[in-house]
Amino acid sequence: MQVINNIHEHSSHIEVVKDGSIVTPIGFKAAGVHAGLRYNKKDIGAIVSEVPANCAAVYTTSYFQAAPLKVTQASIAKEKLLQAVVVNSACANACTGEQGMKDAYQMRKMMADYLQIKEDYVAVSSTGVIGEYLQMDKIEKGINNLIFDATPKNAEAFQEAILTTDTVMKKCCYSVCIDGITVTMGGTAKGSGMIHPNMATMLGFITTDVNISSEVLQSALSKVIPTTFNQITVDGDTSTNDTVLVMANGMAENAALTEAHPDYPIFLELLSTTCESLAKQIAKDGEGATKLIEVKVSGSNNDEEARVIAKQIVGSNLVKTAIYGSDANWGRIITAIGQTNTAVNPESVDIAIGNIIMLKKSEPQSFSEQEAIDYLGQDFIQIFVDLHNGDGEGKAWGCDLSYDYVKINASYRT
C-alpha cells in the first residue's frame, strides 16, 4: 500500500510541503542506523534540534507503561525542554522491571553523552517485543554510529528505524503563515497492529519551528489528540509504549504563540492536520489491511458521543470482515451502533456506504448489490451514519480484517 499524502481536508491556508519531513522545519536533523537489534533493517534512530526545544507529549493509558515512557516523562518534567529523542525498534523494553528502567536511563545517557547535551534534554522511545531486555551493547553501538543531517535520506533512515510490522513509512509535512512568518511542521509515525488508542501500538514524532511555550503546546496537543490519534483502531488492543511527542524549537522566530494570539486557531489546525494525517496512515497500514475505512457520524447528542459511535463501528470485527469481503451488510453497522452506551433513537437512523443509501429513518432502502460490491472493492471506504438526534459530529478511522492479520500476529516473535 502507498503512503497517504494530503489526506486531511485542511483549509487552503495550510499548504502541503512536497517531499517534506521531520527535518524540514528549521533546525532539525535526523539519523537512523542498523545496530543489529533486527536482522537486516535499521533499528536505532534519533531526531535532534540545534537548540533546546519546547515540547509536549501524550502517552498510552495502559497500566503497564514501558520504561522509556517513564524516562521521557522524567526528562520533560525537569525543564520542559528537549533537544533529542532516541528510538529503538525490535524491543519494547516493557514489563522489564528494575533492569528495564536502568537500561532506559542508560540509553538516555548514551545519547546525551554522544551529543554533549544535558541528559534531561533527551527523550527515549522503544517499540517491539514486550518482556525482553534491551541489548545495550548494540544500543550503544547504534547511537555512536548516528550521523545527523537534514537531508531527506536521513529523515527516511529515521523513519525506517522506528518500524516494526509496518509495511510503509508514515510521514507528512505542512506549512502555514503565523504572525506574518511561514512556520513548518513535519511528522512521522509507526504503527500497524495493536492499534486501539487511548492510545495505540504507535509512536508519533512531530517537529516544528514555531515559537510556542511547552505549556501552550501541551494544551494544544491535548485538544487535538481526542479527534485524531484517539479515533483510530486496528484490532482493539492498546499497547505499553505508545507516545506522541512534539518538539517546537522556535527557530521560525514568530512572536510567541499563546491561546489569546489571533493565529492560535491556525496553529491548532496545523497540529490537527498533522496528527490526522499520521493517524490515517497508521490505520491504512493495519496489519494485513487492504482498505482504509472512515466512519462519519452526525446527528448525535454531542461530538463525544459521535466519536464513540464512529469508533465502535470502525472497530467492529464484523464490520471489518464485511468490508474485507466487499459485503454491504449494513446490519453489522446497526449492531455496532447498538452496543454503545449512547442515546440513539432506533427509529431515525440513516446509513450509507459511500453514496449508496442503505437505511433511511431506520427503513431499509433498495440498492444495487453490484454497485455496492464495486464500491467496496476500492481501498478507501466511507461509512456515513446520521442519527437525527442532535448536532454532534465525529469521525474514526480503521481498516478491514483479513486472513493476513492472523498470520502476521500468530508468528510475531518469530
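Let me start with S326, which lies in the loop between α8 and α9, where helices (H or I, at least four residues) and strands (E, at least two) are DSSP runs numbered from the N terminus. Before going further I should say that this is a predicted model, in which local features need pLDDT of at least 70 and side-chain atom pairs count only at pLDDT 80 or more, while totals for chains, interfaces and linings use all residues. Residues are numbered from 1 along each chain as its sequence is written, and side-chain values use heavy atoms, with hydrogens and water left out.

Back to S326, then, which has a positive phi of about 55° although it is not a glycine. As background, most residues other than glycine have a negative phi. S326 has a relative accessible area of 17% and is therefore buried, a term that means under 20% relative accessible area, with exposed being over 50% and partly exposed in between (1.4 Å probe, protein chains only). H388, also not a glycine, has a positive phi of about 55°, and its place is the loop between β15 and β16, the latter being residues 392-399. H388, however, counts as partly exposed, because its relative accessibility is 37%.

The helix that follows the loop of S326 is α9, residues 330-338, and in it I333, A336 and I337 are buried. These three cover an arc of only 100° around the axis, which puts them on the same side of α9; the arc is that of the directions from the helix axis to the C-beta atoms. In general terms, an α-helix has 3.6 residues a turn, so residues three or four places apart point the same way. And what do the buried residues of α9 pack against? Their partners are the helices α7 (303-315) and α8 (317-324) together with the strands β12 (350-353) and β15 (380-386), where contact means heavy atoms within 4.5 Å.

In the loop between α9 and β12 we find P346, which counts as exposed because its relative accessibility is 56%. P346 and S362 are 16 residues apart in sequence, and their C-alpha atoms are 6.8 Å apart in space.

Turning to a pair of helices, the axes of α2 (residues 97-115) and α3 (residues 136-144) come within 10 Å and cross at roughly 20°; axes here are lines fitted to C-alpha atoms, for helices over the stretch in contact, and angles run from 0 to 180 degrees between N-to-C directions. That angle makes α2 roughly parallel to α3, given that angles under 35 degrees count as roughly parallel, over 145 as roughly antiparallel, 65 to 115 as roughly perpendicular and the rest as oblique. The contact is made by D103, Q106, M107, M110, M111 and Y114 of α2, and by M136, I139, E140, I143 and N144 of α3.

My last residue is L270, placed in helix α6, residues 264-284. L270 counts as buried because its relative accessibility is 0%, and, leaving aside neighbours within four places in sequence, L270 is in contact with I14, Y174, V176, V183 and M185. Of these, I14 is 256 residues from L270 in sequence, while the two are 6.9 Å apart in space, C-alpha to C-alpha.

To close with the whole protein chain, there are eleven helices and 16 strands, and buried residues make up 57% of its 414 residues. Among contacts between residues at least 6 apart in sequence, 80% join residues at least 24 apart.
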